[in-house]
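Student: I've got a model open here and some of the labels on it puzzle me. Can we go through them one at a time?

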Amino acid sequence: MRMSKRAKSPGAAEQVTVLAQPAWIVPAFAAVGAVVGWLVKLLANWLVDWDWAPLKGPAKLLNSIPEPWLTILGVTAGVVLGVLVGFIALHESLTVRVSDTRLTLTIRDETRELRRADIGPLFLDGKFLVLLGHRTEELAREPFDLDRAALAAAFTAHGYDWAAEDPHKADFHLWVPDTPGLPVGANALLSARAHAMRKTDKKEDVRALREELNGLGLAIRDESKRQYWRLPKPPPEPPPGPHPGRSPAA
């Protein structure tokens, strides 16, 4: 994990802490890919010597390539695959930029910036970083695979309300179809999301439906393909004003 502190802009006093996957993750995956490509050549050599071995046809095809081209081909293919996996890992990884006044989350080429004044408790829920508002509404929930201690230290250093766990975990309820008391349209969204959760190729739909539910005020947690919901606290009532028709006291 890469963690750094820098000034927000030239001459600015505010410091920004950045937590992100290190850039060397791409060459690291490339090196692993090169080793795997070389091992594939050895595996192909081994498979052709055994009558009972599976994938014997592809192994014979590989062994028909003369050296050193077989080794060059295997290592090159492994490097290309490793670089591709490395860039995908960077693309799918969350980058956190935190200062005393703002928090920026970047993932999958999407960036969200939130004001420190709008953010309540922050915590890790399994593999997700969760941000709550002051009415306990869910502002963001993003996958996080970096160092947890460094994340907690960064938020604490900048004065954020870091929690060891979800302070409202006990308020969640298991969703069942046609749950009463939910906002209009929430049951339909939860039903569509439950269907999408059963499909491995519907992760973006699951994410988009969560955001729709957050827009209705629902916080959602997932456990073993089951959905749990929680409503935020109602906004505080405004203080009573002067009695109608009565002038305020001088």
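**Reading the labels**

Tutor: Sure, and keep in mind that this is a predicted model. Let's start with Ile88, which at 46% relative accessibility counts as partly exposed.

Student: Why is Ile88 called partly exposed?

Tutor: Buried means under 20% and exposed means over 50%, with partly exposed in between. Ile88 has 46%, so it counts as partly exposed. You'll find Ile88 in helix 3.

Student: What makes Ile88 part of a nonpolar patch?

Tutor: A patch residue needs over 30% relative accessible area and no salt bridge, and nonpolar side chains are joined within 5 Å. Ile88, at 46%, is over the 30% cut-off. The patch is formed by Phe29, Leu81, Leu84, Val85 and Ile88, with about 430 Å² of accessible area together. Helix 3, residues 69–92, gives the largest share, four residues.

Student: Why is Tyr160 called buried?

Tutor: The cut-off for buried is under 20%. Tyr160 comes in at 6%, so buried it is. Tyr160 sits in the loop between helix 4 (148–157) and strand 9 (161–162). Its contacts beyond four places in sequence include Val98, Leu103, Ile119, Leu122 and Phe155. Tyr160 and Ile119 are 41 residues apart in sequence, with 8.1 Å between their C-alphas.

Student: What makes the pairing of the Tyr160 side chain with the backbone oxygen of Ser99 a polar contact?

Tutor: The cut-off for such a pair of N or O atoms is 3.5 Å. The Tyr160 side chain reaches the Ser99 backbone oxygen at 2.8 Å, so the distance falls within that limit.

Student: How do you know that Lys225 is exposed?

Tutor: Exposed takes over 50%, and Lys225 has 61%, so it qualifies. Lys225 lies in the loop between strand 11 (219–223) and strand 12 (226–230).

Student: And what makes the phi of Lys225 worth a remark?

Tutor: Most residues other than glycine have a negative phi. Lys225 isn't a glycine, yet its phi is positive, about 70°. Arg108 also has a positive phi, about 55°, without being a glycine. Look for Arg108 in the loop between strand 4 (102–107) and strand 5 (110–115).

Student: Last one: how do you know that strand 7 and strand 8 pair?

Tutor: Pairing takes at least two bridges. Strand 7 (residues 128–132) and strand 8 (residues 138–143) have five, so they pair, and they run antiparallel. In one of those bridges, Leu132 has Glu138 of strand 8 as its partner. The two strands form a hairpin with five residues between them, and Thr136 in the turn has a positive phi of about 70°.

Key. Residues are numbered from 1 along each chain as its sequence is written. This is a predicted model: local features need pLDDT of at least 70, side-chain atom pairs count only at pLDDT 80 or more; totals for chains, interfaces and linings use all residues. Side-chain values use heavy atoms; hydrogens and water are left out. Patches are made of residues with over 30% relative accessible area and no salt bridge: like charges are joined within 9 Å, nonpolar side chains (Val, Leu, Ile, Met, Phe, Trp, Tyr) within 5 Å. Accessible areas come from the Shrake-Rupley method with a 1.4 Å probe; for residues, only the protein chains shown count as cover. A salt bridge is a side-chain nitrogen of Lys or Arg within 4 Å of a carboxyl oxygen of Asp or Glu. Buried means under 20% relative accessible area, exposed over 50%, partly exposed in between (1.4 Å probe, protein chains only). Contact means heavy atoms within 4.5 Å. A polar contact is a pair of N or O atoms within 3.5 Å; within protein, one must be able to donate a hydrogen and the other to accept it, and residues adjacent in sequence count only if both atoms are side-chain atoms.
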